[in-house]
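The exercises below take a reader through one structure, each with a solution worked out in steps. Please keep the sequence and the 3D view at hand while working.

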Amino acid sequence: MKYLIGMDFGTGGGKTCIIDENADVLAYSFREYPIYVDNPGWSEHDAEYYWTMACETIKECLQKSGVNPKDIAGIGISSAQPCLVMVDKAFNPINRAYNLMDRRATKEVQWLRDNIGTDQIFKVSGNRIEDHPTMVNLMWEKKNRPKDFEKVWKALTIDGFVRLRMTEKAAMSYSAGGFWGIAYDIIKKEYNSEIMQKIDMPIDIMADMFACEEIVGELTSKAAKETGLVPGIPICAGQVDCNAAWVGGGAIEPGDVQINLGTGGILGIVNNNLNFSDLLLNDPYTTNSCNDYITIAAIIGGGQVLRFLRDAICQTESVMAKQVPDIDVYDFMNMQAEQIPPCCEGLIALPYLMGERTPLWDVYARGAFFGLSLHHTKGHMIRAMMEGAAFALYQNFEVMMDKGIKANFPIVLNEGGAKSKLWRRILTDIFNQPTAFLENRVGAPFGDAILAGVSVGVFPDFSIAKEKRKFSDYMEPNKEMNKRYMEYYQLFKSLYRNVKDDYVTLAKLVEKYN
């Protein structure tokens, strides 16, 4: 029997799993890591902890599964994008790592608008600059920390950093390149030399690019000792975490659509359409990263909105969860939200706690409750945030449908907050489409393990992912409830339009007095 390891590094934590050659999951491990927000608009991780977490979770999975390390046939790794880990020649991180919520490079974005132009950047990269792709963060580093920037040997993704520690090779997949942005040509899969010269960015600090399934190196003796594995295990170029989750959920054909409610909320539809939308994200897709793409909606406030409420107002629930076996703090939060009727008796939440990505592209947006009264409780606030995140995802879905993108139903709900039956019901009724809840919700690391299996020939193709897919819950939309939600949805959109300029004023005041 041959076994495969999949690893994913998200915004809020990292996960590892081991599967066998039947694609059955034998072990799973998770570690949450802190998010540092020391300055307004900043969002960082301790990069060194990525490697610590990788070693710990691999060892835990080996122990849980009883698998002999000699029988591990391959390793696949993914991470949330955009992100950035800068390293020196000794593979040590330079400063903290950027995660996808970081929005500090606003001046660099404006410089790009003024000096290169959004049309040219979109033509080359297939994506907007408002998402703060990795390249704008590199520009910020070069301008604001030039002495540190001089030490940079390679600029990597999070998964690229872990892969470097494993193989001593600096490599990045085509699917990560889509989030590098600015000068990365999403069609040609290479850096545009003209734009690289204009932004004065040395191309030699960029990692080598590979198709997702290509083997880029083997586990070194040093890395094997630290992870509890054996030297020589092949490691592929990997993929973006949302792609990994969707592959793991069986999305392998054009039209397949899934929603993840991890730290962020992600909706994706597989397609081979080169007519990209400038309101959404566009990225090469794992199953054919040289030719196929996935159209992505990415909101910042997915599961993160509940994590925020957990830490801010649910301390009692956190204490209770420690006393009750098999129930976590989110279960207690759901119990309260389930007591609240749809639309929360007039309470609407804007879930923009760290700005917003698609389709608003507003770095200044912030969260808000509208309609809050003495009648409302903690349960109202929890449900309102769930509905706010669902409204934000639906706003993206409208853009996709207007673009003529084909969608295969049901919408598959996968990972994170989707385990909440209440949240699934909210999404089903707001989208007015059938949904199905994935039963084997290992998520992104499972998709990474599948990719590793394809890379080393354990699996002939990705069809095993759809064969292993099972649904534990299928929902049909409530048409009457959809009508009510759509009235509130119009108000939801109106609220943002009314305060959009005020967000900019607020940001200026924060900058002035902090």
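**Exercise 1. Work out which radius of gyration a compact globule with 514 residues would have, and set it beside the value of the protein chain.**

Solution. The globule rule is 2.2 Å times the number of residues to the power 0.38. With 514 residues this rule gives a radius of gyration near 24 Å, and the protein chain, which is a predicted model, has 22 Å, so the value agrees with that of a compact globule. Along its principal axes the C-alpha trace spans about 60 × 55 × 45 Å. Of the 514 residues, 61% are buried, and the secondary structure comes to 18 helices and 24 strands.

**Exercise 2. Find out how far apart the end C-alpha atoms of helix α14 should be, and whether α14 is enclosed or open.**

Solution. Helix α14 covers residues 378-402, which are 25 residues. The expected span is 1.5 Å times one less than the number of residues, so α14 should span 36 Å, and the 37 Å between its end C-alpha atoms agrees with this. The next step looks at burial: 20 of the 25 residues of α14 are buried, so the helix is largely enclosed by the rest of the structure. Both ends can then be described. At the start of α14, a side-chain oxygen of T377 comes to within 3.3 Å of the backbone nitrogen of G379, while G404, which follows the helix, has a positive phi near 85°.

**Exercise 3. Describe the salt bridge between E44 and R96, and name the residues of the network to which both belong.**

Solution. The structure holds 28 salt bridges. In the one between E44 and R96, the closest N and O atoms are 3.5 Å apart. This pair links distant parts of the chain, since E44 is in strand β4 (residues 44-45) and R96 is in the loop between β6 and β7, 52 residues apart. A residue is buried when its relative accessible area is under 20%, so E44, at 4%, counts as buried, whereas R96, with 30%, is partly exposed. A further salt bridge joins D102 to R104, with closest N and O atoms 2.7 Å apart, and both of these residues are buried. The network of salt bridges links D38, E44, R96, D102 and R104.

**Exercise 4. Explain how K483 and E480 are placed in helix α18, and decide whether each is buried or exposed.**

Solution. An α-helix has 3.6 residues a turn, so residues three or four places apart point the same way. K483 and E480 are three residues apart in helix α18 (residues 479-513), and therefore about one helical turn separates them. They form a salt bridge in which the closest N and O atoms are 3.6 Å apart. Relative accessibility of over 50% counts as exposed, so K483 is exposed at 51%, and E480 is exposed with 55%.

**Exercise 5. Locate the cis peptide bonds before P82 and P359, and then examine the phi values of F91 and D200.**

Solution. Most residues other than glycine have a negative phi, and most peptide bonds are trans. The peptide bond from Q81 to P82 is cis, with omega near -5°, and P82 lies in the loop between β5 (72-79) and β6 (85-87). The bond from T358 to P359 is also cis, with omega near -15°, and P359 is in the loop between β20 (348-350) and β21 (368-370). Turning to phi, F91 has a positive value near 70° although it is not glycine; this residue is in the loop between β6 and β7 (97-98) and counts as buried at 17% relative accessibility. D200 likewise has a positive phi, about 55°, in the loop between α8 (193-198) and β12 (208-210), but D200 is partly exposed, with a relative accessible area of 48%.

**Exercise 6. Name the residues that make the nonpolar surface patch of about 240 Å², and place V25 in its strand.**

Solution. The patch is made by V25, Y28 and F30. V25 belongs to strand β3 (residues 25-32), and its relative accessible area of 35% makes it partly exposed.

Methods: Residues are numbered from 1 along each chain as its sequence is written. This is a predicted model: local features need pLDDT of at least 70, side-chain atom pairs count only at pLDDT 80 or more; totals for chains, interfaces and linings use all residues. Side-chain values use heavy atoms; hydrogens and water are left out. Helices (H or I, at least four residues) and strands (E, at least two) are DSSP runs, numbered from the N terminus. Buried means under 20% relative accessible area, exposed over 50%, partly exposed in between (1.4 Å probe, protein chains only). A polar contact is a pair of N or O atoms within 3.5 Å; within protein, one must be able to donate a hydrogen and the other to accept it, and residues adjacent in sequence count only if both atoms are side-chain atoms. Patches are made of residues with over 30% relative accessible area and no salt bridge: like charges are joined within 9 Å, nonpolar side chains (Val, Leu, Ile, Met, Phe, Trp, Tyr) within 5 Å. Accessible areas come from the Shrake-Rupley method with a 1.4 Å probe; for residues, only the protein chains shown count as cover. A salt bridge is a side-chain nitrogen of Lys or Arg within 4 Å of a carboxyl oxygen of Asp or Glu.
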